[in-house]
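Colleague: I would like a close look at one part of this model. Please take me through the paired strands, and tell me how far to trust them.

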Amino acid sequence: MKYAREFITSTVVGGLFIVVPVYLAALLLLKGMKSVAVLVRPIAVLVPDWIPAEGLLSLVLVLALCFLVGAVVRTPSGRAARERMEVVFFERLPGYGLLRSLTQRLAGDDEERTWQPALVDIEDALVPAFVIEELDDGRFTVFVPSVPTPLAGAVYVLRRERVHLLDIPFTQAIRSVSRWGAGSKDLVAAMEKSDGLTDRRERETRTRESFQ
């Protein structure tokens with residue numbers, strides 16, 4: 001009974017993290033289309049009535065504005081302005097930082113280092129996890145997702161030696177968790193490859209130091 005209750009709760013929470021941002025984005029899109037409808041109406045009346053020109057033109061205009069804003073925030077000055085706005089306004093909203101990091105990782109933003117895939121040592125097992133941040137003393141804050149809802153889980157602070165960073169796409173790790181662990185062999189292979197490279201670098205470093 002307890003397992004069923006926890007499973008239902010984690011599944012609902014995970015679903016909310018997906019549904020709510022999509023719903024808000026669709027709501028804002030419709031609101032934007034309604035706001036710019038007055039601008040495209042003079043052009044829409046020139047189009048045959050059987051074509052929903054006003055709605056289509058409003059959608060195109062809103063998407064064009066989103067594209068322009070996205071292009072501006074990619075510039076150095078635009079990025080600085082966006083960061084100031086995030087600090088002053090958006091980061092005060094509960095959960096904004098988490099959703100922003102997750103969205104950027106899903107979009108393939110290589111500059112976003114939050115949610116780095118990893119395998120962590122917990123008790124006698126390797127557990128899929130995501131690194132949230134690195135502490136000043138070298139330890140990591142990691143998020144261990146529940147199966148099969150990657151956005152629900154538990155947070156641990158672990159020593160560096162218990163955290164094995166994985167050089168794999170974020171989406172691959174999420175896919176493995178959401179599929180009840182299917183594909184975990186690829187995560188283990190990535191860990192062994194990463195650990196092998198680390199050991200080799202350490203041996204090379206010790207060899208160079210011995211000759212100095």
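Modeller: Here is a walk along the strands, followed by the confidence values.

This is a predicted model, where local features need pLDDT of at least 70, side-chain atom pairs count only at pLDDT 80 or more, and totals for chains, interfaces and linings use all residues. Residues are numbered from 1 along each chain as its sequence is written, and side-chain values use heavy atoms, with hydrogens and water left out.

Start with strand β1, residues 116-122, and strand β2, residues 125-134. Strands here are DSSP runs of E with at least two residues, numbered from the N terminus; helices are runs of H or I with at least four. β1 and β2 pair in the antiparallel sense over 7 bridges. Two strands count as paired if DSSP finds at least two bridges between them. Across this pairing, Leu 119 stands opposite Pro 128 in β2. The two strands form a hairpin with 2 residues between them. In that turn, Glu 123 has a positive phi of about 55 degrees.

Now move on to strand β3, residues 140-145. It runs antiparallel to β2, and 4 bridges join the two. Here Val 131 faces its partner, standing opposite Val 142 in β3. β2 and β3 also form a hairpin, with 5 residues between them. Gly 138 in this turn has a positive phi of about 95 degrees.

Look at one residue of β2 in detail: Glu 133 lies in this strand. Its relative accessibility is 47%, so Glu 133 counts as partly exposed. That class sits between buried (under 20% relative accessible area) and exposed (over 50%), using a 1.4 Å probe and protein chains only. Leaving aside neighbours within four places in sequence, Glu 133 is in contact with Arg 139, Phe 140 and Thr 141. Contact means heavy atoms within 4.5 Å. The C-alpha atoms of Glu 133 and Val 157 are separated by 9.6 Å, with the two positions 24 residues apart along the chain counted as the sequence separation.

Next, confidence. pLDDT is the predictor's confidence in each residue, from 0 to 100. The chain averages 76, and 69% of the residues score at least 70. Confidence is highest in strand β5, residues 163-165, at 92. It is lowest in helix α4, residues 96-106, at a mean of 59. Over residues 203-211 the pLDDT is below 50, and this stretch has 0 contacts in the model beyond near neighbours in sequence. Where pLDDT is low, the predicted coordinates should not be read in detail.
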